[in-house]
Amino acid sequence: MKKIIFLLFIALVFSCKQQKKEVKTEVSAKVLTIEEKTQYMALKNEAWKLYESKDYQQSAKKYSEAFAISGYHANTTDMYNAACSWALTKEVDSAFVYLLRIAKKGEYTNYNHITKDSDLSILHSDKRWNQVLTLVKASREKAEINFDKPLVAILDTIHQDDQGPRRQINEVIKKYGRDSDELKQHWKKIATKDSINLIKVEKILKERGWLGKDIIGNRGNTTLFMVIQHADLEVQEKYLPMIKEVVKKGNIRPGSLALLEDRIAMRKGNKQIYGSQIGRDEETNTYYIYPLQDPDNVDKRRAKVGLGSLQDYVSRWDITWDINVYKQQLPQLEKKLKE
C-alpha cells in the first residue's frame, strides 16, 4: 500500500553498557510455567529500564524478584546485569554473588568486556575480583579451544559490516530527516553491504554448513542469522528449516527464530505471530503493530520463546498496547495494507 514503511527489527542482547557480549543460557532446574515466564520477563525488563534511568537500587531489587521466580537459575546475561546494578549501588557482596555464580559455572566468557566494564570498577580492589577474572578467562579459553579463528575473523568483519551502518541510522535521521536523500543513500549503502555479506555467508553455509558455537562462537552464530534475517524473502524461506534445527541445537535463541518467522509472515501478507514487526504510516507519521494473529495470547507466545511483553517491546516506538483497541482497528489496518 502507499505511504507505509515497514520497520524490520532484530533484538540483540546487550550488556550493561550496551556492548554486545557472548553468553550461554543457563539451564534452569525449575521448569517455569508460561505465566511465570511472562512474569519473569516483565520484571527483568523493568529492571533494565530502571538501570537505564540510573535507579540502580530499584533495578537490583527487580532483578532479585525475577530470580526468585526462576529459582535463581536465571539467564547469564540477566545475572551479569544484576551484578552491575548491585555494584553501582556499592553493594559489593551482592554483586559478587552473581558474578561468582556465573563465573564458577563457566557460563560467562566475555573476558574483554568484564575487564573494561566501568559499572564494576568498585569491585576491582576486592580480592574476589581476581578470582572472577581467572574463572572467566579460563572459561573463555575452554570455549575457544576449537575455534576456527580465520573463519571467526571473517564473521567478525561481516558482523561489523552488517551492524555498523545500521547503528548510524538514527544519527542520519536526526541530522537530515526521515525522508531525506541522505537517509535514502544510507539505506542503499546498507543494501550493498547486505548483498556482499549474503554472498559470503551462503558460501560458508554451502561449504561447511551452519557451524556450532564450539567452532564460531555465539557471535559467529548471531552473525550468520543476522545476514539471513536481512536478506529477501526467498533467502529467508530457503534457510528457515536450517535455522529451526540450529535453534534446537542451542546455537540460536528461540526469540530470534520468532522474529524471522514474523518477518516471513509479514512479507507473505500473513498475520505475524509474536508482534515483532512494526510499520510507520507516513501520512500520520505514527507507528503501528503489523496485523497479529490471536492478540489476546501474544504475551504467552512471546514468553515461551524468551521475549518480553509486547508493551515493553513496542514502547520504543511510543505505541501503547491495548488489546481491545487493537482488535477494533485491525480490520481497517488490514484493508489499508491491501490498498
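**Exposed loops and buried cores**

User: Why does Lys 90 count as exposed?

Analyst: In this predicted model, Lys 90 has a relative accessibility of 65%, and the term exposed applies over 50%, so Lys 90 counts as exposed. The residue lies in the loop between H3 and H4, and its phi is near 70°, a positive value in a residue other than glycine.

User: How do you know that Asp 318 is exposed rather than buried?

Analyst: The relative accessibility of Asp 318 is 73%, whereas buried would require a value under 20% and exposed one over 50%; therefore Asp 318 counts as exposed. Asp 318 is found in the loop between helix H14 (310-314) and helix H15 (323-338), and for this residue, which is not glycine, phi is again positive, near 60°.

User: How many helices and strands does the protein have, and what makes it as compact as a globular protein of that length?

Analyst: The protein has 15 helices and 3 strands. Its radius of gyration is 21 Å, and the globule rule gives 20 Å for 339 residues; because the two values are close, the protein is described as being as compact as a globular protein of that length. Along the principal axes, the C-alpha trace spans about 65 × 50 × 40 Å, and 48% of the 339 residues count as buried. Among contacts with a separation of 6 or more, 68% are made by residues 24 or more positions apart.

User: What makes a set of residues the largest nonpolar core here, and which residues have the most contacts inside it?

Analyst: A nonpolar core requires buried residues of the nonpolar kinds joined through side-chain atoms within 4.5 Å, and the largest such set has 36 residues, with Leu 99, Ile 114, Leu 120 and Leu 123 having the most contacts inside it. The elements that give two or more residues to this core are helix H1 (34-52), helix H2 (56-69), helix H3 (76-88), helix H4 (92-104) and helix H6 (127-143), and H4 gives the most, with 8 residues.

User: Which residues is Ile 114 in contact with, leaving aside its neighbours within four places in sequence?

Analyst: With those neighbours left aside, Ile 114 is in contact with Tyr 80, Leu 99, Tyr 108, Leu 120, Trp 129, Val 132, Leu 133 and Val 136, where contact calls for heavy atoms within 4.5 Å. Apart from the largest core lies another core of 25 residues, among them Leu 224, Val 227, Ala 231 and Tyr 239.

How values were computed. Residues are numbered from 1 along each chain as its sequence is written. This is a predicted model: local features need pLDDT of at least 70, side-chain atom pairs count only at pLDDT 80 or more; totals for chains, interfaces and linings use all residues. Side-chain values use heavy atoms; hydrogens and water are left out. Helices (H or I, at least four residues) and strands (E, at least two) are DSSP runs, numbered from the N terminus. The radius of gyration is taken over C-alpha atoms; the globule rule is 2.2 Å times the number of residues to the power 0.38. Buried means under 20% relative accessible area, exposed over 50%, partly exposed in between (1.4 Å probe, protein chains only).
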